[in-house]
2 protein chains.
Amino acid sequence: MSDASEKKPSRIQLRNRALILEAALDVFSVHGFRGATLDQIADAAGLSKPNILYYFSGKEEIHTTLLNQLMETWLDPLVEMDADGDPLAELLAYVQRKLDMARDLPRESRLFAGEIITGAPHMLPHLRADLKPLFDEKCAVIQGWMDTGKLAPVDPRHLIFSIWSTTQHYADFAVQVGVLMQTDDAAPGADAYLRALFSNLLNPTP
Amino acid sequence: MSDASEKKPSRIQLRNRALILEAALDVFSVHGFRGATLDQIADAAGLSKPNILYYFSGKEEIHTTLLNQLMETWLDPLVEMDADGDPLAELLAYVQRKLDMARDLPRESRLFAGEIITGAPHMLPHLRADLKPLFDEKCAVIQGWMDTGKLAPVDPRHLIFSIWSTTQHYADFAVQVGVLMQTDDAAPGADAYLRALFSNLLNPTP
DNA sequence: TCACTTTTTGACCAATTGGTAAATACACGA
DNA sequence: TCGTGTATTTACCAATTGGTCAAAAAGTGA
């Protein structure tokens, strides 16, 4: 009663909320918000549907919780790009981090992709409030690098788009990549290829 | 009675089937198969739901019809890549065709992306039967170009992946691109950027 | 104009969906 | 061990969904 909001979540609460979010990530990342059902999530979590609604007020709250958690993780690799580091090394390291993320968190990547494809109904505010300022800031950093001749001059915005698209492709289109590569793990080749792609582009003295 | 199958579609049939497919493309490309409803499609087409089921046997048939039509269009730019042309020019022209397609057919791009993200339940056979052989053939062509020293040597498979991802990004993530570029049309910059990206990579004598 | 076919509609299902309410089972500190 | 708040289940809605069917309403050719 000392606090109007919830006091402290019990062990069971913690475990079950995590269970639900984990299951929901599985389901939402494949079927999208509208295509996913509470029954699917309940099954995947090993809980009953009403029990899920005991922990979350509804389907929407589960989805937005997931999206909010994701936003931090998603922006992090770009945040870490250091304006004071070596330009080419910083950018290549950023590519590597994004590629690692596509490998380690493919469901998150697909959840994000699905949300954007459907017009980002739950994420537009986030994009404007969080992503846009960060994007502008890092574009300015890259532009600065180019202005001092440390990188070949290209449009920083399209550069970032191409980093996002090439890396996330391995998560979002994993099925297609799997069919075409026959081997399950496209990882090693992608690494080397993307490093070549972006260092050839950005090297100031070709 | 001369033919057991349908004879010739009437003017009305032709018009309404086109109307339905057009509406369905709008709806499916945004909400995916499971997220889309027949009512939405009916509304968008300006027809009643039972009337739609008069022209198509069900939701699934509309979707697969759309996907089948798409497959041709989708593969076409790659088909046109000519083994006897100038390697670099052929590849850059391919990039340009894909970029034009992302601009002219964004709904088709999103429909395809959505289908792949959800695990390609309706397209896996197509991918294996149509895309895979074409992909292998063109990879061999590119590898041949590289072997004769006319292109810098990189993995042709990842090269194609990166062409697909960078170009389709402008269709699939249009909302995000719009937020970040503030201008509606990212076209001109993307053109020049991608040309630089791929010619720097592929030029045999940097 | 009139018979005949094609197209469209309105009324209706059965299944699925997100969500609720009340009763029940459980955990756990006193 | 007992009582109390926490978890969970059972039994339900009401709305939406994909789809059916028979009747009505256009078209269409003679």
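Which residue forms a salt bridge with Lys132(A)? The partner is Asp136(A), and the closest N and O atoms of the pair are 2.6 Å apart. The views below show a predicted model.

**Figure 1. A salt bridge within helix α7 of chain A.** Lys132(A) and Asp136(A) pair with their closest N and O atoms at 2.6 Å. Both residues belong to helix α7 of chain A, which covers residues 124-147. They sit four residues apart in that helix, so about one helical turn separates them. Side chains of opposite charge can pair when their charged atoms come close. Over all chains, the count comes to 20 salt bridges.

**Figure 2. The fold of chain A.** Chain A is built with 10 helices and zero strands. Read from the N terminus, its elements run α-α-α-α-α-α-α-α-α-α. Along the principal axes, the C-alpha atoms of chain A fill a box of roughly 65 × 50 × 30 Å.

**Figure 3. The axis relating chain A and chain B.** Two copies of a chain are related by a rotation about an axis and a shift along it. Here, a rotation of 180 degrees superposes chain B on chain A. The shift along the axis is 0.0 Å, and the RMSD is 0.0 Å. The two copies are therefore related as by a two-fold rotation axis. Which C-alpha of chain B is nearest the axis? That of Gly35(B), which lies 2.2 Å from the axis. Both copies use the same surface: 100% of the contact residues of chain B recur in chain A.

**Figure 4. The interface between chain B and chain A.** On chain B, 54 residues are in contact with 54 residues of chain A. The buried area between the two chains is about 4800 Å². Carbon and sulfur atoms give 72% of that area. Three residues, Ile117(B), Leu180(B) and Tyr193(B), supply 16% of the area that chain B buries against chain A. No other three residues supply more. How many salt bridges cross the interface of chain B and chain A? The count is zero. Polar contacts, in turn, link 10 residue pairs between chain B and chain A, with both residues at pLDDT 80 or more.

**Figure 5. The side of chain B that touches chain A.** The elements of chain B giving two or more residues to this side are α1, α6 (106-117), α7 (124-147), α8 (156-172), α9 (174-181) and α10 (187-202). Helix α8(B) provides the largest share, 12 residues. By class, this side of chain B has 29 nonpolar, 18 polar and seven charged residues.

**Figure 6. The protein surface near DNA strand D.** DNA strand D is surrounded by 19 residues. The closest come from both chains: Ser10(A), Asn16(A) and Tyr55(A), with Leu38(B) and Lys59(B). Sugar and phosphate make up 62% of the strand D atoms that come within 4 Å of the protein. Several contacts reach phosphate oxygens of the strand. A side-chain N or O atom of Tyr55(A) is 2.7 Å from one phosphate oxygen. For the side chain of Gln13(A), the distance from an N or O atom to a phosphate oxygen is 3.2 Å. Leu38(B) instead places a polar backbone atom 2.9 Å from a phosphate oxygen of strand D. Chain A gives two or more residues to this surface from each of α1 (11-35) and α3 (49-55), and chain B does so from each of α2 (38-45) and α3 (49-55). The surface near DNA strand D has eight nonpolar, seven polar and four charged residues.

**Figure 7. The protein surface near DNA strand C.** Around DNA strand C there are 19 residues. The closest are Leu38(A) and Lys59(A), along with Ser10(B), Asn16(B) and Tyr55(B). Of the strand C atoms within 4 Å of the protein, sugar and phosphate account for 60%. Which part of Lys59(A) lies 2.8 Å from a phosphate oxygen of DNA strand C? A backbone N or O atom does. Asn16(B) uses its side chain, with an N or O atom 2.8 Å from a phosphate oxygen. A polar side-chain atom of Ser48(B) is 3.2 Å from a phosphate oxygen of strand C. At least two residues of this surface come from each of α2 (38-45) and α3 of chain A and α1 (11-35) and α3 of chain B. The residues near DNA strand C divide into eight nonpolar, seven polar and four charged.

Methods:
Residues numbered from 1 in each chain as written. Chains lettered and ligands numbered in written order. Predicted model: local features only at pLDDT ≥ 70, side-chain atom pairs only at ≥ 80, totals over all residues. Heavy atoms only, no water. Near = heavy atom within 4 Å. Polar contact = N/O pair within 3.5 Å; in protein donor to acceptor, adjacent residues only side chain to side chain. Nonpolar A, V, L, I, M, F, W, Y, C, P; charged D, E, K, R; others polar. Least-squares fit on C-alpha atoms with pLDDT ≥ 70 in both. Contact = heavy atoms within 4.5 Å. Buried area = accessible area lost by both parts, 1.4 Å probe. Salt bridge = Lys/Arg side-chain N within 4 Å of Asp/Glu carboxyl O.
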